[in-house]
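User: I have a protein chain in front of me and would like a close look at one of its helices. Please explain how that part sits against the rest of the chain, and then place it in its wider surroundings.

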Amino acid sequence: MRIKNLEIIDMRSRTAEWFECKIRYEKVMEDGMQKRVSENYVVDALSFSEAEERIIEEMSSYISGEFDVMDIKKAPYKEIFFSDEDMADKWYKAKLQFITIDEKTDKEKKSSVNYLVQAGSFNGAVKNIDEVMGGTMIDYVIASVAETTLMDVFEYKKTQKEDKPEYEQ
């Protein structure tokens, strides 16, 4: 938790099976012209077919007209760091290296893990990583941080129907 201008900024992390989805549609630009654009999104799903269903469901409320799902692939990360900060409108791919000591050989061993981090800037992404990882006892090094072309991340949300046992539905 970080305090900025008397506002509490809360970070949270979520581990799941993430899929990156690319959609293409006709977008009305600021000058009023229509342009065919491709945008990348991330959804939380258990399979490729569920990812396709989820991205269609999520995007239907934002896009009027037709759109195509052009590509779906498993994301190279399992965990996402979310920020509640208003200015956190970008997504960064971070590669962290965890340092462990091999007890048999007494040598340092580094293992790399990719994360997706929500932040408003590069420096904000580094701060958010340090905030989440600072609460752990693991030694780590930030190997790289790069801005992505992702527009948004859609988490899985339970519906009221799913909260009931099957026999009550």
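Analyst: What follows begins with the chain as a whole, turns to the helix α1 and its neighbours, and ends with the other parts of the chain.

The model is a predicted one, and its protein chain contains 3 helices and 11 strands. Along the sequence these elements are arranged as β-β-β-β-β-α-β-β-β-β-α-β-β-α. Of the 169 residues in the chain, 34% are buried, and the chain exposes about 11,300 Å², of which carbon and sulfur atoms supply 48%. Among the contacts with a separation of 6 or more, 67% are between residues 24 or more positions apart.

Helix α1 covers residues 48-60, which is 13 residues, and its first and last C-alpha atoms are 18 Å apart, close to the 18 Å expected at 1.5 Å a residue. Which residues of α1 are buried? They are Ala51, Arg54, Ile55, Glu58 and Met59, a set that includes the charged residues Arg54 and Glu58. Because these residues cover an arc of only 115° around the axis, they lie on the same side of α1. An α-helix has 3.6 residues a turn, so residues three or four places apart point the same way. On the other side of α1, Ser49, Glu53 and Glu57 are exposed.

The buried residues of α1 pack against four strands, namely β4 (18-28), β5 (34-44), β6 (67-74) and β11 (150-154). Met59 gives a view of this packing at the level of one residue: leaving aside residues up to four places away in sequence, Met59 touches Ile23, Tyr41, Phe67 and Phe154.

Two of the buried residues of α1 also stand out in the largest nonpolar core, which has 15 residues and in which Ile23, Val43, Ile55 and Met59 touch the most other members. At least two residues of this core come from each of β4, β5, α1 and β6, and the largest share, 4 residues, is supplied by β4. A second core, separate from this one, has 14 residues, among them Met11, Phe81, Met133 and Val145. In soluble globular proteins, nonpolar side chains tend to be buried together.

Arg54 of α1 also has a polar neighbour to consider, since Arg54 is among the residues touched by Asp44. Asp44 is located in strand β5, and Asp44 counts as buried because its relative accessibility is 7%, under the 20% that sets the limit for a buried residue. Apart from residues up to four places away in sequence, Asp44 touches Arg14, Ala16, Glu17, Trp18, Arg54, Phe154, Glu155 and Tyr156. The side chain of Asp44 also reaches the backbone nitrogen of Tyr156 at 3.5 Å.

The helix α2 offers a second case to set beside α1. Helix α2 takes in residues 122-133, 12 residues in total, and reaches 17 Å from its first C-alpha to its last, close to the 16 Å expected at 1.5 Å a residue. Its buried residues are Gly124, Ala125, Asn128, Ile129, Glu131, Val132 and Met133, and Met133 is also one of the members of the second core. Ser121 is in the loop between β9 and α2, where the side chain of Ser121 reaches the backbone nitrogen of Gly124 at 3.0 Å. Ser121 counts as partly exposed, with a relative accessibility of 33%. The C-alpha atoms of Ser121 and Ala88 are 7.5 Å apart in space, although the two residues are 33 residues apart in sequence.

Other pairs in the chain also join residues that are separated in sequence. Asp86, in the loop between β7 (79-83) and β8 (90-102), is exposed at a relative accessible area of 67%, and its C-alpha is 8.4 Å from that of Gly120, which is 34 residues away in sequence. Glu147, in strand β10 (residues 140-147), has its C-alpha 6.1 Å from that of Trp91, with their positions 56 residues apart along the chain. Beyond residues up to four places away in sequence, Glu147 touches Lys90, Trp91 and Tyr92.

One backbone feature remains, at Asp106, in the loop between β8 and β9 (107-119). Asp106 has a positive phi of about 60° although it is not a glycine, and Asp106 is exposed, with a relative accessible area of 62%. Most residues other than glycine have a negative phi.

Definitions and conventions: Residues are numbered from 1 along each chain as its sequence is written. This is a predicted model: local features need pLDDT of at least 70, side-chain atom pairs count only at pLDDT 80 or more; totals for chains, interfaces and linings use all residues. Side-chain values use heavy atoms; hydrogens and water are left out. Buried means under 20% relative accessible area, exposed over 50%, partly exposed in between (1.4 Å probe, protein chains only). Contact means heavy atoms within 4.5 Å. Accessible areas come from the Shrake-Rupley method with a 1.4 Å probe; for residues, only the protein chains shown count as cover. The expected span of a helix is 1.5 Å times one less than its number of residues. The arc is that of the directions from the helix axis to the C-beta atoms. A polar contact is a pair of N or O atoms within 3.5 Å; within protein, one must be able to donate a hydrogen and the other to accept it, and residues adjacent in sequence count only if both atoms are side-chain atoms. A nonpolar core is a set of buried Ala, Val, Leu, Ile, Met, Phe, Trp, Tyr and Cys residues joined through side-chain atoms within 4.5 Å.
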